[in-house]
Amino acid sequence: MEKKKILLPDGSYLPKIGQGTWQMGEDDTAYSREIDGLRHGLEIGMNLIDTAEMYADGKAENIAGRAIEKFDRKDIYLLSKVYPQNANRHHIYSSLERTLKLLGTEYLDMYLLHWREDADLAEVAYCMEDLKDQGKIKRWGVSNFDVTDMEDLWKVPDGNQCCVNEVLYNLGARGIEYDLLQWQRERDVPFIAYGPVGQAGAMTTQDGVSKAALMTDKNVIEVAKKHDISVVQLLLSFVLRLEDMAAIPKAVGFDHIEENAAAAEVTLSEEDLEQLSRSFPSPTEKVTMEKY
Ligand SMILES: NC(=O)c1ccc[n+]([C@@H]2O[C@H](COP(=O)([O-])OP(=O)(O)OC[C@H]3O[C@@H](n4cnc5c(N)ncnc54)[C@H](OP(=O)(O)O)[C@@H]3O)[C@@H](O)[C@H]2O)c1
């Protein structure tokens, strides 16, 4: 397996590191900076862009569309997500058309169900496969699915055509290591980590848990110093250490973007991982899936 790519169940490759777009498009004065940031990331090889119809009600998709204009479409990996309430035959076709229009593209490389809620999984799989047949998406997956959700998906026709699950994963949110990681590995379904750097300490989950300690923890700081990298780079390299885990850090500052690209080159040792686990251990019992 190539270090910077992940093999998907359909035989294609997913880039290991990409760029998030959540919270882009929310402030009109940041519009140009956000486009420039994504472009810079694309120029230095972070060619997966993660967006969603939800983000700033399409404005993030519009920003991503502007960012990719000058690039060859086939060099870019575009992922967007559909709301659960739109993931059915009455709404998904118009949702996707809007997404494609905002992105200025004919197709998505990956289309995800953003979260489960009360989406009918058989209907989701049917629609996703239909969109694949129409050539509008290359492949599809889910997001925020825990083991029981994946089990339910696997029970519906074509549910097992799901290529990826995008979940919250970082050093301070290791719940998937207890069971979901193994479940998906047994079926060769890789992950995309959202919130991979814990929003540089600003993250608070839906349950109100702050991840601020990630930035100030003694062991995290020590391991980062040992590798002569920033704490955020250390957090990202922790996520990317798993060969079936892609990550989509969101950054606007060029310095942040360059740091993130460089973090993909860092290799942590077993000793480093043990030290980090002293502060942020892998779970020894089931943890309710963290989200935000
Ligand atoms: N599927 C889902 O339900 C779901 C949920 C949430 C997010 N997502 C996706 O995952 C992406 C990433 O998650 P996220 O944006 O919430 O969190 P994140 O990537 O963990 O953190 C983003 C924050 O970290 C800062 N940052 C990034 N790189 C940095 C660096 N090298 N040094 C210092 N600070 C740095 C950014 O600052 P600047 O922007 O100022 O550079 C930004 O404030 C989202 O953008 C979105 O595309 C998906």
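## The second largest cavity

In this predicted model, the second largest cavity is lined by Gly18, Gln19, Met46, Pro249, Ala251, Ile257 and Asn260. Its volume is about 30 Å³, and the count of cavities of 30 Å³ or more comes to two. Strand E3 (18-20) and helix H10 each supply at least two residues of this lining, and by class the lining of the second largest cavity has four nonpolar residues, three polar residues and no charged ones.

One of these lining residues, Ile257, is also a contact of His40, which touches Phe254, Ile257 and Glu258 when its neighbours within four places in sequence are left aside. His40 belongs to helix H1 (residues 31-43), and it counts as buried because its relative accessibility is 12%, against a cut-off of under 20%.

## The largest cavity

The largest cavity has a volume of about 100 Å³. Its lining consists of Asp146, Leu168, Ala173, Arg174, Gly175, Ile176, Asp179, Lys286, Val287, Thr288, Met289 and Glu290, which divide into five nonpolar, two polar and five charged residues.

## The largest pocket

The largest pocket has a volume of about 710 Å³. It is lined by 32 residues, of which Trp22, Gly195, Gln199, Lys250 and Tyr292 are the closest to its centre. Helix H10 (residues 254-263), already mentioned for the second largest cavity, gives the most to the lining of the largest pocket, contributing three residues. By class, this pocket lining has 15 nonpolar, eleven polar and six charged residues.

## Helix H9

How many of the ten residues of helix H9 (residues 231-240) are buried? Ten of the ten are, so the helix is largely enclosed by the rest of the structure. The buried residues of H9 are Val231, Val232, Gln233, Leu234, Leu235, Leu236, Ser237, Phe238, Val239 and Leu240. They pack against two strands, E9 (191-194) and E10 (245-247), and against helices H7 (213-216), H8 (218-227), H10 and H11 (270-279). Helix H10 thus appears among the packing partners of H9 as well as in the lining of the largest pocket.

## Helix H4 and its ends

Helix H4 (residues 121-133) has 13 residues, which should span 18 Å at 1.5 Å a residue, and its end C-alpha atoms are 18 Å apart, which agrees with that expectation. Within H4, the residues Leu121, Glu123, Val124, Ala125, Cys127, Met128, Glu129 and Leu131 are buried. The elements against which these buried residues pack are strand E5 (77-82), helix H3 (92-103), strand E6 (110-113), strand E7 and helix H5.

The N-terminal end of H4 is capped by Asp120, a side-chain oxygen of which lies 3.0 Å from the backbone nitrogen of Ala122. After the helix comes Gly135, whose phi is positive, near 80°. Asp133 is found in H4, and it is exposed because its relative accessible area of 66% lies over the 50% cut-off. Asp133 and Tyr178 are 45 residues apart in sequence, and their C-alpha atoms are 36 Å apart in space.

## Two residues with positive phi

Most residues other than glycine have a negative phi. Against that background, two loop residues of this model deserve attention. Asp57, although it is not a glycine, has a positive phi of about 50°, and Asn144, likewise not a glycine, has a positive phi of about 60°.

Are Asp57 and Asn144 buried or exposed? Asp57, in the loop between strand E4 (48-50) and helix H2 (59-68), is exposed, because its relative accessible area is 54%. Asn144, in the loop between strand E7 (140-143) and helix H5 (147-155), counts as buried, because its relative accessibility is 9%. The two elements that flank the loop of Asn144, E7 and H5, are also among those packed against by the buried residues of H4.

Terms used
Residues are numbered from 1 along each chain as its sequence is written. This is a predicted model: local features need pLDDT of at least 70, side-chain atom pairs count only at pLDDT 80 or more; totals for chains, interfaces and linings use all residues. Side-chain values use heavy atoms; hydrogens and water are left out. On a 1 Å grid over the protein atoms alone, a cavity is a set of points where a 1.4 Å probe fits but cannot get out, and a pocket is an open set with protein on both sides within 12 Å along at least five of seven lines; lining residues have an atom within 4 Å of a point. Grid points are joined across faces, edges and corners, and a volume is the space filled by probe spheres set on the points. Helices (H or I, at least four residues) and strands (E, at least two) are DSSP runs, numbered from the N terminus. Ala, Val, Leu, Ile, Met, Phe, Trp, Tyr, Cys and Pro count as nonpolar, Asp, Glu, Lys and Arg as charged, and the others, Gly among them, as polar. Buried means under 20% relative accessible area, exposed over 50%, partly exposed in between (1.4 Å probe, protein chains only). Contact means heavy atoms within 4.5 Å. The expected span of a helix is 1.5 Å times one less than its number of residues. A polar contact is a pair of N or O atoms within 3.5 Å; within protein, one must be able to donate a hydrogen and the other to accept it, and residues adjacent in sequence count only if both atoms are side-chain atoms.
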